[in-house]
Amino acid sequence: MTFRKHNEGGWGQTLVSGAIGLIYFAPVFWMVLTAFKTRQDALAIPPKLFFTPTLENFRAVFFDTTSSGELVATDAWLYFVNSAFIAGASVLLALILGTLAAYAFSRYPLRGNDTYLFIILTTRMLPPIVVIIPIFLLFRLTGLSGTYIGIILLYTSFNLPFSIWMMKSFFDDLDREVEDSARMDGSSDWAVFRRIVLPQVAAGLAATMVFALILTWNEFIFALLLTGTESRTVPVALASTVGGSVGVEWGKLSAMITLFLIPVVIVTFVLQNQLLRGVTFGTIRR
Amino acid sequence: MSALTVQRVTKTFGDFTAVSDIDLTVAEDEVLCLLGPSGCGKTTTLRMIAGLESVSQGQILFGGEEVSAKPAQHRNVAMAFQFYALYPDLTVGENLIFPLAAEGLSKAETQERLDGIADTLHLDSVLQRRPHELSEGEKQRVAVGRCIIRRPNAFLFDEPLSRLDVALREDMRGSIRRILATLNRPTVIVTHDQLEAMTMGDRIAVMRDGRIEQVGTPQDVFDHPANTFVAGFIGTPQMSLLDGRCLDAGETQVTVGTDQMRWTLPASRFADMPRTGEAATVGFRPRAASLTPGGLALGGCRLVLSEHMGAEKLLHFDWHGQAVRVLTQDDAPQIDEICTVYLGDAAPHVFDNNGIRLRMKGDRQ
Amino acid sequence: MTSDMHLPPAFTTQRSARGILQWLNAPERRGPLLVAPAILTLFLVNILPLLWSFGLSFFNYRANRQAAPRFDGLDNYGDLLTDDRVWERFVTTGMIVAGSVGLQLIIGFGLALLFAKKFPLRRILLMLVLTPMMLSFVSVGIFFKLFYDPSLGLLSWIVGQFTGEPFAILATPAGAISAIVIADAWMWSPFVMLLVLAGLVSVPDYLYEAAHVDRASGWRRFRTITLPYVKGLILLALLFRTIETFKTFDLVYLITAGGPGSATETVAVYAYRLGFQNFRTSEASALAYLILFVVIVLTSLYLYLVNRRDAEAAS
């Protein structure tokens with residue numbers, strides 16, 4: 001007779017979980033399938049599960065064919081580059097400021113720190129609608145509306161609370177004796193931070209960065225109101241194509257969404273062990 | 001080189017006083033052990049000496065120079081931490097030479113010191129490894145090595161052996177003692193283990209609740225505990241302490257006792273006389289007591305528990321509600337048997353109504 | 001002696017640039033110095049505008065008019081609180097929150113129980129389930145719009161197979177609300193699962209082993225061992241999701257745009273309409289502050305629970 005521990009399931013468990021997992025994933029899966037369908041297949045009733053895949057939709061996202069048969073680059077290039085650039089720049093800024101602040105919050109406990117941390121978290125918990133009215137007015141006043149600087153600054157301020165809370169949770173986890181020891185060994189505070197502390201939170205920095213990148217990459221409502229034609233990001237472009245259900249080119253739209261999803265899915269996989277900490281702002285570390 | 005002095009130092013955290021008005025001096029070639037139960041303020045004291053904790057009141061001096069306001073970086077003190085505090089992203093070799101960066105040594109000199117340390121502590125084979133690849137004993141040796149590679153003003157050790165298993169602990173106790181003897185710097189070791197303190201310290205400072213209860217050589221602290229706390233804390237098995245009162249402090253004789261028992265000692269032995277009518281506590285070590293008739297007798301001791309300790313047995317008696325312990329090689333009586341415990345001719349320790357030891361003539365003070 | 005050593009050298013000796021740098025570099029100022037840039041950024045980009053709009057909420061400002069705003073006192077708040085439409089929007093939001101969070105708890109808990117055991121391919125399958133919460137609202141909105149599409153949507157086709165009639169879930173108020181609830185619950189059940197799972201795996205094995213030795217039934221093991229470990233986390237998940245769902249904007253905007261009629265218009269969408277389609281800026285600001293009030297109450301509750309959990313873990 002074999003014993004099975006209470007927390008171990010066999011292949012039977014895999015089968016059940018697999019079935020449920022696939023059903024759960026179906027909406028994503030369906031969209032990705034649609035991306036590989038021809039226009040006829042995409043509109044077919046009953047929906048087709050088996051079909052001859054085509055890359056036509058992906059080409060159509062990035063290149064239009066003119067009447068003379070020439071390939072012309074579409075605006076999709078711009079949207080993807082915008083999304084990447086805006087997310088990258090704002091996350092980098094937020095990470096630098098946030099890491100310094102988080103280190104201070106973690107290591108120099110002063111009176112009032114908790115209040116600051118609370119206010120910082122609250123700014124992130126704010127309903128977007130509360131923030132967007134004054135931000136809209138502010139951007140109109142300062143001429144930042146539609147500019148890269150404007151949206152990057154805004155996203156930096158959104159990523160800051162997240163970076164601070166996340167990095168603080170990583171700093172809090174470190175063994176302080178190590179830093180004390182380096183200090184006793186004659187290192188300046190800055191050297192302690194750079195040579196001893198930062199290498200230890202490298203994984204945390206990466207997780208925080210990638211998380212913030214995804215949050216920014218996905219952001220919709222502020223981008224909708226505050227980016228112009230030049231600085232438009234992918235989510236805004238996607239949303240603008242589904243105004244009405246008639247005339248939506250589902251194949252092309254699905255192709256664009258599929259491309260938009262790829263980085264997110266990869267990152268989710270890589271981050272699996274940090275997901276919990278990430279979605280709870282570092283308040284739960286497991 | 002020079003001594004380390006702690007002068008009237010107090011440390012408060014908000015309303016809580018962690019260390020209260022303590023004085024300590026450690027000579028340049030001396031090892032002082034700070035011994036006490038957890039929470040007694042010994043680690044806080046160590047951290048104040050290190051410069052990791054500020055001093056609320058009082059001064060810390062290295063060779064007469066006041067350093068209380070200096071941060072740790074500028075005190076040139078080496079410290080081995082309880083949890084080793086090895087730099088996780090550096091190799092063992094890099095860990096060991098890390099402190100030398102601040103001393104500005106040449107490459108050759110650095111290498112020489114590293115080789116010396118690695119040799120002394122048998123770390124040659126693990127120099128390229130990272131801390132997480134080391135065994136507990138190796139980690140501990142790296143921590144010690146990183147400490148003694150320097151030529152600091154003082155060495156500080158925080159519970160250096162607490163995480164090692166028993167065999168390794170005995171081994172390292174000897175090694176550290178030998179190494180410390182060659183260093184010629186004031187050294188402070190924090191420990192809660194009296195055996196460690198007794199074997200490694202030239203002197204011991206016993207702390208409780210942020211105060212120093214007694215400072216002295218291990219022998220002195222064991223033979224002449226300054227108060228009932230030290231008496232009960234130092235020495236295993238624990239000293240038996242019997243509460244009673246001073247019945248008569250006469251010209252020739254002092255009588256201390258309870259309703260059941262009286263103790264008569266020649267008054268000529270007391271340097272400090274007890275006062276008649278005040279509470280007094282009498283203590284004696286389990287090794288000084290026996291079941292073999294002789295000397296003062298404690299009748300009516302009921303055996304509660306008998307513990308085998310290898311060659312000897314530790315007998316726990318209940319004597320009118322007070323605990324009496326006897327260490328004996330004889331056969332143990334039956335549980336609940338009523339016996340008489342004899343104290344032979346060993347002199348008991350007597351403490352006054354505040355628990356302070358009454359000095360005897362011939363005590364080394 | 002001890003008192004003057006803390007005086008900054010810059011004040012006791014000379015006020016040179018170097019002295020000021022030294023003063024800034026003092027250990028007791030290091031914390032504030034490191035925090036300052038972050039706080040400053042947040043103050044300029046988030047808090048200052050917020051104060052501005054808080055001020056605006058007491059005027060009758062309209063962003064598309066030049067006229068000087070008039071001070072209206074609490075009129076905007078009074079109007080909003082007595083306006084049936086506002087209360088309707090709050091009720092709609094409440095229904096979506098209750099439905100979605102309830103569904104998330106059930107699905108999330110079920111998924112967590114499923115994935116609490118070890119089995120082959122667990123990591124990969126867990127991925128499939130975890131991915132939705134990492135997606136953009138836009139992607140999810142579009143998935144479900146396709147999914148619900150009456151002519152080519154998968155859902156309509158499946159329902160059609162049983163009823164024989166075309167199925168347009170978004171055409172009826174109840175249908176549209178359930179459509180939003182389903183999409184939101186699909187996206188966020190993984191979040192609940194993640195928290196519950198963390199609770200489940202934190203239960204030490206020896207407790208279960210002890211319970212087996214003590215011959216406890218499966219139900220008693222669940223009641224006395226499992227539940228106490230996950231209770232706190234479930235509460236956190238519930239509160240966190242309530243706060244987030246209360247702010248729902250993107251999904252509604254993309255799937256139903258508030259329709260049919262105003263059946264799925266949440267307070268956030270209504271505030272957006274007031275502010276950006278009707279340009280009643282001050283009123284929209286006031287409504288935003290009503291939403292904020294609710295969220296702050298919920299957030300404080302959340303932090304209180306987190307702290308209590310930390311305190312429990314520490315003791």
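Start with chain C and colour its two assigned domains: domain 1 covers 4-47 and domain 2 covers 75-314. Put a marker at the centre of each, going by C-alpha atoms, and you'll find 45 Å between them. Keep in mind as you go that this is a predicted model.

**Stop 1: where A meets C**

Stay with chain C and bring chain A into view. Here 82 residues of chain A are in contact with 75 residues of chain C. Which helix should you pick out on chain A's side? Go for α1(A), which gives the most to that side, with 15 residues. Colour chain A's side by class and you get 60 nonpolar, 19 polar and 3 charged residues.

Now zoom in on one helix pair: select residues 11-35 of chain A, which form α1, and residues 137-148 of chain C, which form α7. Their axes come within 10 Å and cross at roughly 85 degrees. An angle from 65 to 115 degrees counts as roughly perpendicular, so that is how α1(A) and α7(C) are described.

Show the side chains at the crossing. From α1(A), pick Pro27(A), Val28(A) and Met31(A); they meet Phe143(C), Phe144(C), Leu146(C) and Phe147(C) of α7(C). What classes of residue make up this contact? There are 7 nonpolar residues, with no polar and no charged ones.

**Stop 2: where B meets A**

Swing round to chain B. On this side, 16 residues of chain B are in contact with 15 residues of chain A. Select residues 77-80 of chain B, strand β6: with 3 residues, this strand gives the most to chain B's side. By class, that side of chain B holds 14 nonpolar, 1 polar and 1 charged residues.

**Stop 3: the cores**

Next, look inside. The largest nonpolar core has 248 residues, and those with the most contacts inside it include Ala101(A), Ile49(B), Leu156(B) and Ile180(C). Highlight residues 173-202 of chain C, helix α9, for the largest share of this core: 19 residues.

Then click on Ile49(B). Leaving aside residues up to four places away in sequence, Ile49(B) touches Leu4(B), Val6(B), Ile60(B), Val77(B), Ala154(B), Leu156(B) and Val188(B). Another core, of 10 residues, lies apart from the largest one; among its members are Leu242(B), Cys246(B), Trp263(B) and Phe351(B).

**Stop 4: chain B as a whole**

Hide the other chains for a moment. Chain B has 8 helices and 19 strands, and its C-alpha trace spans about 75 × 45 × 35 Å along its principal axes. Buried residues account for 40% of its 365 residues. Take the contacts in chain B between residues at least 6 apart in sequence, and 65% of them join residues at least 24 apart.

**Stop 5: three backbone oddities**

Most residues other than glycine have a negative phi, and most peptide bonds are trans. Chain B has some exceptions to visit.

- Select Thr236(B) and Pro237(B): the bond joining them is cis, with omega about -10 degrees. Pro237(B) sits in the loop between α8 (228-233) and β11 (240-249).
- Move to Asn184(B), in the loop between α5 (166-183) and β8 (187-191) of chain B. Its phi is positive, near 60 degrees. Is Asn184(B) buried or exposed? Exposed, because it has 12 C-beta neighbours inside 10 Å.
- Finish at His320(B), whose phi is also positive, near 50 degrees. Look for His320(B) in the loop between β16 (312-319) and β17 (322-328) of chain B. With 15 other C-beta atoms within 10 Å, His320(B) is partly exposed.

Key:
Residues are numbered from 1 along each chain as its sequence is written. Chains are lettered from A and ligands numbered from 1 in the order in which they are written. This is a predicted model: local features need pLDDT of at least 70, side-chain atom pairs count only at pLDDT 80 or more; totals for chains, interfaces and linings use all residues. Domain bounds come from an automatic or database domain assignment. Axes are lines fitted to C-alpha atoms, for helices over the stretch in contact, and angles run from 0 to 180 degrees between N-to-C directions. Helices (H or I, at least four residues) and strands (E, at least two) are DSSP runs, numbered from the N terminus. Angles under 35 degrees count as roughly parallel, over 145 as roughly antiparallel, 65 to 115 as roughly perpendicular and the rest as oblique. Two residues are in contact if their C-beta atoms, placed from the backbone, lie within 7 Å. Ala, Val, Leu, Ile, Met, Phe, Trp, Tyr, Cys and Pro count as nonpolar, Asp, Glu, Lys and Arg as charged, and the others, Gly among them, as polar. A nonpolar core is a set of buried Ala, Val, Leu, Ile, Met, Phe, Trp, Tyr and Cys residues joined through C-beta atoms within 7 Å. A residue is buried if 20 or more other C-beta atoms lie within 10 Å of its own, exposed if 12 or fewer, and partly exposed in between; C-beta atoms are placed from the backbone.
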